[in-house]
Amino acid sequence: MLDDVYNQCEAKMQGSVEHMHRDFKTLRTGKVSTTVLDNVKIDYYGTMTPLDQVGSVTAVDATTIAINPWEKHLLGDIEAAINAANLGVNPNNDGDFIKLFFPPMTSEQRQETVKQMKGMVEDAKVSVRNDRKKANDAIKKLEKDKEVTQDESKSAQENIQKLTDKYIAVIEEDAKAKEIEVLKV
């Protein structure tokens, strides 16, 4: 029973770290990546659809992304979605495809990106702590139902705390590495 609680808790904490890594991919660093468009979705026949599912999205060079939709009538919708996403660039529509030219990041933009990243880090930490609380509640319920002893419950909660500390350390280590990447000129 306690093994199930540990395994579920660890899986949820790992999921929180993975979610943070997916969020990190949407942040802009010195070199532009197509992942900055991951959160941009367009209405495609009534369904909100990611850009990479309605056309090819490629990084042409370190500062340019090209979007070539499979259906040309989507150009206007894609352009509007990019403008609404507030990425800090204006889409250039030539009738066949859209190009995004990202200027080099200023120090203010880098600091703003670090602020966004720190918010993502804090969200991940909160999620890990919530996972700890749920696991501890499950352990306390097992103790209340007399399925585990008081000593087993205390030991299990200490193990959950060690697991929490481990994942918080992973989050902080990954955050430091990402901050260095963002601030690198």
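Four strands make up an open sheet, ordered E3-E4-E6-E5, with antiparallel pairing. Strand E3 (55-61) and strand E5 (91-93) sit at the edges with a single partner strand each, so one side of each has no neighbour in the sheet. On average, and ignoring direction, neighbouring strands here are turned by 25 degrees against each other. All of this comes from a predicted model, so the usual caveat applies to everything below.

At the E5 edge, the link to strand E6 (residues 98-101) is antiparallel and runs over 3 bridges. Proline 91 is found opposite leucine 100 in E6.

Away from that sheet, there is a second bit of pairing to look at. Strand E1 (residues 41-44) and strand E2 (residues 47-50) run antiparallel and are joined by 4 bridges. One of the pairings puts aspartate 43 across from methionine 48 in E2. The two strands form a hairpin with 2 residues between them, and tyrosine 45 in the turn takes a positive phi of about 55 degrees.

Zooming out, the protein has 4 helices and 6 strands. Along the sequence they come in the pattern α-β-β-β-β-α-β-β-α-α.

As for packing, the largest nonpolar core holds 27 residues, and the members touching the most others are Leu2, Phe24, Val121 and Ile171. Helix H1 (2-25), helix H3 (107-144) and helix H4 (150-183) each put at least two residues into this core. The biggest contributor is H3, with 9 residues. Valine 121 gives a feel for how things fit together: leaving aside residues up to four places away in sequence, this side touches Met20, Phe24, Ile171 and Ala175. There is also a second, separate core, made of 19 residues and including Ile65, Ile67, Leu74 and Val89.

The overall dimensions are worth a look too. The radius of gyration is 22 Å, whereas a compact globule of 185 residues would come out near 16 Å. Along the principal axes, the C-alpha atoms fill a box of roughly 70 × 40 × 20 Å. Of the 185 residues in the protein, 36% are buried. The accessible surface comes to about 11000 Å², with 49% of that belonging to carbon and sulfur atoms. Finally, if one takes the contacts between residues at least 6 apart in sequence, 63% of them join residues at least 24 apart.

Key: Residues are numbered from 1 along each chain as its sequence is written. This is a predicted model: local features need pLDDT of at least 70, side-chain atom pairs count only at pLDDT 80 or more; totals for chains, interfaces and linings use all residues. Side-chain values use heavy atoms; hydrogens and water are left out. A nonpolar core is a set of buried Ala, Val, Leu, Ile, Met, Phe, Trp, Tyr and Cys residues joined through side-chain atoms within 4.5 Å. Buried means under 20% relative accessible area, exposed over 50%, partly exposed in between (1.4 Å probe, protein chains only). Contact means heavy atoms within 4.5 Å. Two strands pair if DSSP finds at least two bridges between them. Axes are lines fitted to C-alpha atoms, for helices over the stretch in contact, and angles run from 0 to 180 degrees between N-to-C directions. The radius of gyration is taken over C-alpha atoms; the globule rule is 2.2 Å times the number of residues to the power 0.38. Accessible areas come from the Shrake-Rupley method with a 1.4 Å probe; for residues, only the protein chains shown count as cover.
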